[in-house]
Amino acid sequence: MEPLDHRKRRFAEIYAACHDPVLGYVMRRTENGHDAADILAETFLIAWRRLDDVPAGDGARPWLYGVARRVLANHRRGERRRTALGDRLRAELGAAAPPAEDRESSGAVAEAFRGLSEDDRELLSLVGWEDLDAGQIATVLGCSRNAVRIRLHRARKRFARALADRRAGESRETSAETHRHRARFAKKEHV
């Protein structure tokens with residue numbers, strides 16, 4: 001293995017000589033600049049790691065094109081996997097979504113939950129959605145089990161209070177609406 005100073009100098013020379021041509025190669029084969037930048041960075045990272053394998057002189061550029069080609073292929077495979085996974089998740093989530101009437105009846109619950117602090121929402125989510133116990137939550141949050149128990153108790157109380165307030169508000173609105181309808185009906189009977 002070469003001394004570090006010599007390796008740095010050699011890499012800097014290869015980078016200076018080949019950056020623009022490799023960037024052009026990658027740009028012509030990607031759809032956006034962000035992907036091109038990622039692929040270019042990965043290509044030169046591989047060149048740094050395998051510097052002893054990079055041919056000297058004019059052989060460096062074709063060697064880097066080969067590396068970039070393989071990085072591009074990996075990138076495309078990853079994109080296809082992500083797209084397929086996204087399609088599968090959309091299909092699964094679409095099938096698992098509750099009917100509209102269920103979503104409407106949970107409106108007060110959702111509103112009360114959204115009204116909580118981010119810390120309370122995270123804590124209640126870890127219990128309700130991720131099904132974690134206090135010890136596991138302590139690991140996630142980086143605190144003691146006792147702190148989790150106290151925070152969870154307080155978060156549940158705040159959630160219950162917020163939910164009760166929402167439902168009371170809905171009840172008052174429903175009661176006022178019913179009263180207005182009855183008043184209109186009573187006026188029609190007197191006419």
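This section describes the fold, the salt bridges and the charged surface patches of a predicted model.

The chain is helical throughout its assigned secondary structure, with eight helices and zero strands. Read along the sequence, the elements follow the pattern α-α-α-α-α-α-α-α. Of the 191 residues of the chain, 27% count as buried. The accessible surface comes to about 13800 Å², and carbon and sulfur atoms contribute 52% of this area. Among contacts in the chain with a separation of 6 or more, 60% are accounted for by residues 24 or more positions apart.

Seven salt bridges were counted in the model. Two of the pairs described here are set within helix α3, which spans residues 60-96. In one of them, the side chains of R82 and E79 meet with an N to O distance of 2.8 Å. These two residues are three positions apart in helix α3, about one turn of the helix. R82 has a relative accessibility of 48% and therefore counts as partly exposed; E79, with a relative accessible area of 33%, is likewise assigned as partly exposed.

The other pair in helix α3 joins D87 to R90, with the closest N and O atoms 2.6 Å apart. Here too the partners are separated by three residues, about one turn of the helix. The two side chains fall into separate accessibility classes, because exposed requires over 50% relative accessible area. D87 is partly exposed, at 41%, whereas R90 is exposed, at 56%.

A further salt bridge links R50 with D53, and its closest N and O atoms lie 3.1 Å apart. R50 has a relative accessible area of 37%, which places this residue in the partly exposed class. D53 is also partly exposed, with a relative accessibility of 43%.

Charged residues also gather in patches on the surface. A patch of positive charge is formed by R28, R29, R76, R77, R80 and R81. One of its members, R77, is located in helix α3, the helix that also holds the R82 and E79 pair and the D87 and R90 pair. R77 counts as partly exposed, with a relative accessibility of 37%. Members of such a patch must have over 30% relative accessible area and no salt bridge; the value of 37% for R77 therefore satisfies the area requirement.

A patch of negative charge brings together E118, D119, E122, E130, D131 and D133 on the surface. Within this group, D119 belongs to helix α6, which covers residues 118-128. The relative accessible area of D119 is 64%, so this residue is classed as exposed. D131, another member of the negative patch, is found instead in the loop between α6 and α7, the latter helix comprising residues 134-141. D131 is exposed as well, with a relative accessibility of 65%. The backbone of D131 is notable for a positive phi of about 55°, although the residue is not a glycine. The negative patch thus includes a residue of helix α6, D119, and a residue of the loop that follows this helix, D131.

Note on methods: Residues are numbered from 1 along each chain as its sequence is written. This is a predicted model: local features need pLDDT of at least 70, side-chain atom pairs count only at pLDDT 80 or more; totals for chains, interfaces and linings use all residues. Side-chain values use heavy atoms; hydrogens and water are left out. A salt bridge is a side-chain nitrogen of Lys or Arg within 4 Å of a carboxyl oxygen of Asp or Glu. Buried means under 20% relative accessible area, exposed over 50%, partly exposed in between (1.4 Å probe, protein chains only). Helices (H or I, at least four residues) and strands (E, at least two) are DSSP runs, numbered from the N terminus. Patches are made of residues with over 30% relative accessible area and no salt bridge: like charges are joined within 9 Å, nonpolar side chains (Val, Leu, Ile, Met, Phe, Trp, Tyr) within 5 Å. Accessible areas come from the Shrake-Rupley method with a 1.4 Å probe; for residues, only the protein chains shown count as cover. Lys and Arg count as positive and Asp and Glu as negative; His and the chain ends are not counted. The place of a charge is taken as NZ of Lys, CZ of Arg, CG of Asp or CD of Glu. Contact means heavy atoms within 4.5 Å.
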